[in-house]
Amino acid sequence: MPCGPDIGLNSATLQPRAVTGFRHDRSAPAAFEDLRHCFDARSLAREPCGLFCRQAGDVTNVLSRLTRYFRSPAYLLMGLVLSMSIAGVWLLVTNVTQIRASLPIEVLHRDRELADLLYEVSRLEALLDRVRLGDTEIDNRDLRLAVGEVRIRLSDRPGAFGGDLGRELESLHGRIHTTLAALDSTLRGSSPAILRAIPAYFDDVVAQRRALRALSISASDATMAQAAEQGDALSRLYSRTTVVIGLLGAFGLSLLQLLNLQRRVIRRQEAAEKEVRQLSFFDPLTGLANRRTLTERLRHALAVHARQHLHGALLFIDLDHFKTLNETRGHAFGDQLLREVARRLVDCVPDAATIARLGGDEFVVMLEDIGPTPEAAARQAESVARAILDALNQTYLLADDETHSTPSIGIALFDAQGEQVDELLKRADLAMYQAKEAGRNTLRFFDPVIQQRVREQSELEADLRRGLRDGQFSLRYQAQFDREGRAVGAEALVRWRHPFKGMVPPADFIPLAESSGLILPLGRWVMRAACRELKAWQLHDATRGLTMAVNVSARQFRHSDFVAEVEAVLHETGAPPSLLKLEITESLLLEDADEVIARMRCLRQLGVSFAIDDFGTGYSSLAYLKRLPLSQLKIDRSFVRDVLTDSNDAAIARTVIGLGRSLGLQVVGEGVETAEQHAFLLSHGCDAFQGFLLGKPVPDLRDALLARTLPAGTTASVLS
Ligand SMILES: Nc1nc2c(ncn2[C@@H]2O[C@@H]3COP(=O)(O)O[C@H]4[C@@H](O)[C@H](n5cnc6c(=O)[nH]c(N)nc65)O[C@@H]4COP(=O)(O)O[C@H]3[C@H]2O)c(=O)[nH]1
């Protein structure tokens, strides 16, 4: 059965694709319908699949509507009739105009005869003028010729025009003819006789000229009318033929145009649909399936596997150190690498697999029906994962440069247990992190024990939020004593009383609070509560002047508002800043040490002092230690615990004490449980002590100190 792209678009999309990772299908009709629904342009507009998707969806919508109109026979017919009418009218108008344009030629032709006549008459006039003026050089012969010419011109003229004008011309012609005859006979005589004949002729000629002129104009109209009549008949004939031909032509043309337009519209619609589909279901960078498609296909696969008792696997692949590579070599380089990884994945996983890119450097391969038993499926999944490890370990030649990149792969199996999509993805992701922790460039299967832990953690996180909201936290204070056994300060330690689980130790929830970011509100609460208590201590002799040490986690300290918050709390509570001591860990200096030091100095200026907690367990850079505005080092209780039994721990404890002394810092031994440990630290010059031997964390330090009896100058007794 075809798969993936068969989302009801067109047959071309039904074909298996080379790079999409869709090369096999077991889609059920339900999933098919889901995908079809997903493709709907309107639903796309509602989905957060990006502005382009929405625009493309709109375009598709408009185009598909347009195409629907063209596909409708009624609209097609209307369009045809309309375009045929327009074309017919256009052809008719063009033809009639052409016929009319040819008429003046005929008219002009006839008018030329009249013009010739007028010319001959005016020539005769000129000759007669000259005779009148006594030009004796005029030869009778010339006059005779001119008279003869005019007569010839006039000979057939009257019959040439019908109507009143024709009759008028005929009478005029008669008179001129008579005059000309008289003139002619006169011309046979002497010149003076000519002169006598001229006036009569001349009048006639003038009248004739006027008549001819009028006639000429009217004749043009008459000719025009006549020609127009002929033209109309002709145009009728033309019109019928040309309209039929025009309409047929227009019909053919319109049909062709419509077909062409429809083809273009369909082509554009298909292109837009393809683009929308590509953006909605595939990763634009690699052409692999995207998260949405993977989720759909995984949901479908889980249903099928549960129903048919099949076994499949999800492989979560993450490139090791991709972030660093991307940042140092540039994003274009990173993109190239991702494309190449996609290509290699397509090459090395079985054809039936679905390959997807979730984003960044995270890829997922889904293997379906890969074994009859979980064990067989695990073996098959492992062999595919090893093939992927091999392929992605090969050197990459990118931008003419050889690069090496490795993946970490997490594998989660699925079968008839009815796993959920998110759950399964989380499992594979978790397993991938296990692979990272195991040293990277390796694979790990999902471990249910880890999964259980993760689940508990997420429940605890939710409880932590509720605890903060419902005020389930409180502080305990553990006193610190100097070499003479006098209380010199105390450390504030947070406690969580869970409504069902009872007291939850900080070691169980502080790391979770740090990873979830809840340490910020929790830390603020601790700071305010401790400062309020510190202020209260100033009211009693037993506690006045004691320092209050508050633990500050790295995340809390790095928060941009931290300094301002501490200042505000000091101001708000009225606690003396010089008695507030912030306990930070060495790990804080691992990143951006200069910024940390600058911040410490700001707080130091307020009067706040610093102690390094758990000293010796972490970074311990002496170079930084010198630059920090510190007042105290705390020897970690793990060293104190074994100080009498482990020579290394004893050496570390001695070294820390010596270091503190040489740097002018006070050294506090933490976790002192026995008098021997206390004696050891005391003998090596430790300045202060904290531990169950001297006092456990208590809610009310004043009461605890008052209840305590200490023989002056001796070791402190244990507070219960
Ligand atoms: N075995 C033994 N333990 C002793 C002895 N004396 C003191 N302790 C325990 O040692 C821890 C000292 O605190 P820490 O090193 O700052 O270690 C603290 C600190 O890192 C963190 N923490 C506690 N409160 C806060 C807080 O308000 N904010 C932050 N950020 N961390 C806190 O939780 C850690 C554990 O705190 P706690 O469970 O209260 O554990 C406390 C204290 O109860 C002893 O003689 N023997």
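Of the 720 residues in the protein chain, buried residues make up 32%. The model is a predicted one. Its secondary structure comes to 24 helices and 16 strands. Contacts across the sequence are frequent: among those with a separation of 6 or more, 68% join residues 24 or more positions apart.

Start with the nonpolar interior. In soluble globular proteins, nonpolar side chains tend to be buried together. Here the largest nonpolar core has 66 residues. Within this core, Met548, Val550 and Leu580 touch the most other members. Helix 16, residues 519–537, gives the most to this core, with 8 residues. Take Met548 as a way in. Leaving aside residues up to four places away in sequence, Met548 touches Gly489, Ala490 and Ala492. Its partners also include Ala530, Glu533 and Leu534. Leu579, Leu580 and Lys581 complete the list for Met548. Another core, of 51 residues, lies apart from the largest one. Among the residues of this other core are Leu314, Val341, Ala428 and Leu443.

Now turn to helix 12. This helix runs over residues 374–393 and has 20 residues. From first C-alpha to last, helix 12 reaches 28 Å, close to the 28 Å expected at 1.5 Å a residue. Which residues of helix 12 are buried? They are Ala377, Ala381, Val384, Ala385, Ile388 and Leu392. These buried residues cover an arc of only 100 degrees around the axis, so they sit on the same side of helix 12. The helical repeat accounts for such a pattern: an α-helix has 3.6 residues a turn, so residues three or four places apart point the same way. On the other side of helix 12, Glu375, Ala376, Ser383 and Asp390 are exposed.

What covers the buried residues of helix 12? The cover includes helix 11 (331–348) and strand 1 (312–319). It also includes strand 3 (362–367), strand 6 (407–414) and strand 7 (443–445).

The ligand comes last. It is surrounded by 21 residues. The closest are Val494, Pro506, Asn551, Gly691 and Phe692. By class, the shell around the ligand has 10 nonpolar, 5 polar and 6 charged residues. Strand 9 (487–498), helix 15 (506–516) and strand 13 (609–615) each supply at least two residues of this shell. Which element gives the most to the shell? Helix 15 does, with 3 residues.

Notes. Residues are numbered from 1 along each chain as its sequence is written. This is a predicted model: local features need pLDDT of at least 70, side-chain atom pairs count only at pLDDT 80 or more; totals for chains, interfaces and linings use all residues. A residue is near a molecule or strand if its C-beta atom, placed from the backbone, lies within 6 Å of it. Helices (H or I, at least four residues) and strands (E, at least two) are DSSP runs, numbered from the N terminus. Ala, Val, Leu, Ile, Met, Phe, Trp, Tyr, Cys and Pro count as nonpolar, Asp, Glu, Lys and Arg as charged, and the others, Gly among them, as polar. The expected span of a helix is 1.5 Å times one less than its number of residues. A residue is buried if 20 or more other C-beta atoms lie within 10 Å of its own, exposed if 12 or fewer, and partly exposed in between; C-beta atoms are placed from the backbone. The arc is that of the directions from the helix axis to the C-beta atoms. Two residues are in contact if their C-beta atoms, placed from the backbone, lie within 7 Å. A nonpolar core is a set of buried Ala, Val, Leu, Ile, Met, Phe, Trp, Tyr and Cys residues joined through C-beta atoms within 7 Å.
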